[in-house]
Amino acid sequence: MTTHREPLDSVLDTIGETPLVRVTASVDAVPVYAKLESFNPGASVKDRIGLYMLEQMLDRGELSPGGTVVEPTAGNTGIGLAIAAGQLDLNAIFVVPERFSVEKQQLMAALGAEIINTPTEDGMGGAIDRAHQLAAELDNAVVPQQFANPLNAEAHYELTAPEIFDALDGNVGAIVAGCGTAGTLMGIARYALEQDEDIHICAVEPEGSLYSTTKGKSAAEAEYKIEGIGTHDVATNELFDPDLVDSVAQVSDEAAHTELKRLAREEGHLVASSSGAASVAAQRLAAKIESGVVSAPHDSVVTIFPDSSERYLSKGIYRSFDEWEN
Ligand code: PMP
């Protein structure tokens with residue numbers, strides 16, 4: 001989406017500069033704006049970190065052309081890394097537990113990556129162990145490890161956040177974003193708080209996830225269908241810093257699902273469940289700012305819509321709530 005007014009040399013030049021669009025259902029006095037990350041070439045927010053992490057690791061000499069990136073990933077990060085690796089003369093190997101989305105694995109393979117499946121019962125932990133094992137066996141190989149790598153959040157500090165502040169001439173009252181690795185929210189929050197320490201920072205998670213426990217709230221752990229955000233063990237989400245966060249909003253699967261369908265029907269957005277959850281939380285916060293329950297330095301709320309619903313059609317994302325699978 002960078003600029004389509006002149007020819008570009010590489011698909012990498014189309015990463016970032018995504019549009020910021022008003023969520024029309026939000027209250028007039030405190031509009032919600034959503035950054036549409038499906039406009040990236042791999043159709044998700046993770047194209048940003050795929051490119052940024054690999055460029056930085058090449059610059060620092062941690063990796064050199066012809067080398068290999070090995071990442072345990074079930075999804076969008078693999079696609080983002082595969083796009084960047086392919087264009088930067090790097091090989092990509094992704095270690096994916098068997099149960100994960102077939103669509104995403106097909107896209108990674110189409111981009112030239114090698115996929116190694118690990119048994120479903122070994123979980124993401126099994127995939128992480130295998131990735132490190134493989135990298136140790138290869139010369140010139142790295143595991144970027146998005147859950148622990150500060151470059152993940154830095155990509156959003158350096159690029160996503162300034163785009164938001166430029167688009168709104170700095171008039172940002174609150175930032176609301178779903179947290180998986182929390183790289184998106186942490187990078188944007190750090191930049192936002194440097195502009196104005198009163199900007200309200202809200203993390204979004206599914207009901208059943210445990211980020212709220214970091215803010216002293218009790219939360220009951222449970223399974224959830226919303227994909228891409230939430231945690232069952234905050235110790236694995238090394239980038240999440242509760243000190244940068246004012247509130248953690250929990251959104252139910254059902255509320256996120258109703259909203260993602262509404263966003264398509266009424267506003268023309270083909271977005272997935274983490275966008276539905278972000279939209280619900282952002283609109284709730286906007287209403288609280290309007291009524292004065294929450295204070296914010298400007299009457300606006302910015303959120304992120306991380307990816308598109310097309311990637312989840314096989315899971316029945318547009319069927320009834322009960323028929324939507326995870
Ligand atoms: N939504 C989707 C669909 C994702 O794949 C991710 C990444 N896991 C996120 C939201 C959350 O982004 P982050 O990892 O930066 O917190």
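Let me begin with burial: of the 326 residues of the protein chain, 55% count as buried, and I should say at once that this is a predicted model, so every value I quote is computed from predicted coordinates.

As for the overall build, the chain has eight helices and ten strands. Its radius of gyration is 19 Å, close to the 20 Å that the globule rule gives for 326 residues, so the chain is as compact as a globular protein of that length. If you lay the C-alpha trace along its principal axes, it spans about 60 × 45 × 35 Å. Among contacts with a separation of 6 or more, 71% are accounted for by residues 24 or more positions apart.

Turning to the surface, the protein chain exposes about 13,700 Å², and carbon and sulfur atoms supply 46% of that area. On the charge side, there are 21 positive and 51 negative side chains, with the centres of the two sets lying 6 Å apart.

Now to the interior. Which residues have the most contacts inside the largest nonpolar core? That core has 31 residues, and the ones in question are Val176, Val251, Ala277, Leu285, Ile289, Val301 and Phe305. The elements giving two or more residues to this core are strand 2 (32-36), strand 7 (174-178), strand 8 (200-206), strand 9 (247-251), helix 7 (253-267), helix 8 (273-291) and strand 10 (301-305). Helix 8 gives the most, with seven residues. Apart from this core lies another one, of 28 residues, among them Tyr52, Val96, Met108 and Leu151.

Let me stay for a moment with Val251, because its list of partners is worth reading out in full when you have the model open. Not counting residues up to four places away in sequence, Val251 touches Val204, Glu205, Pro206, Glu207, Ile226, Ala256, Ala277, Val280, Ala281 and Arg284.From helix 8 itself I would pick out Glu290, whose place is in that helix. With a relative accessible area of 45%, Glu290 is partly exposed, and, leaving aside its neighbours within four places in sequence, it is in contact with Val27, Ala29 and Val30. Glu290 and Ser273 are 17 residues apart along the chain, and their C-alpha atoms are separated by 26 Å.

Next comes Ile83, which lies in helix 2 (residues 76-87). Is Ile83 buried or exposed? Its relative accessible area is 7%, under the 20% cut-off, so Ile83 counts as buried. Once its neighbours within four places in sequence are left aside, Ile83 is in contact with Val11, Leu12, Pro41, Gly42, Asp47 and Leu111. One of those partners, Leu12, is 71 residues away from Ile83 in sequence, while the two C-alpha atoms are 7.9 Å apart in space.

Thr160, whose place is in helix 5, is also buried, at 0% relative accessibility. Not counting residues up to four places away in sequence, Thr160 touches Lys35, Arg48, Ala155 and Ile188. Two C-alpha distances help to place Thr160 in the model. To Ala286, which is 126 residues away in sequence, the distance is 21 Å, and to Gly123, which is 37 residues away in sequence, the distance is 31 Å. Gly123 itself lies in helix 4 (residues 123-137), and at 24% relative accessibility it counts as partly exposed.

I will finish with two backbone angles that you may wish to look up in the model. Gln145 has a positive phi of about 55 degrees although it is not a glycine, and its place is in the loop between strand 6 (141-142) and helix 5 (150-167). With a relative accessible area of 31%, Gln145 is partly exposed. Asp169, which is not a glycine either, has a positive phi of about 50 degrees, and it lies in the loop between helix 5 and strand 7. How accessible is Asp169, and what does it count as? At 68% relative accessibility, Asp169 counts as exposed.

Methods:
Residues are numbered from 1 along each chain as its sequence is written. This is a predicted model: local features need pLDDT of at least 70, side-chain atom pairs count only at pLDDT 80 or more; totals for chains, interfaces and linings use all residues. Side-chain values use heavy atoms; hydrogens and water are left out. Helices (H or I, at least four residues) and strands (E, at least two) are DSSP runs, numbered from the N terminus. The radius of gyration is taken over C-alpha atoms; the globule rule is 2.2 Å times the number of residues to the power 0.38. Buried means under 20% relative accessible area, exposed over 50%, partly exposed in between (1.4 Å probe, protein chains only). Contact means heavy atoms within 4.5 Å. Accessible areas come from the Shrake-Rupley method with a 1.4 Å probe; for residues, only the protein chains shown count as cover. Lys and Arg count as positive and Asp and Glu as negative; His and the chain ends are not counted. The place of a charge is taken as NZ of Lys, CZ of Arg, CG of Asp or CD of Glu. A nonpolar core is a set of buried Ala, Val, Leu, Ile, Met, Phe, Trp, Tyr and Cys residues joined through side-chain atoms within 4.5 Å.
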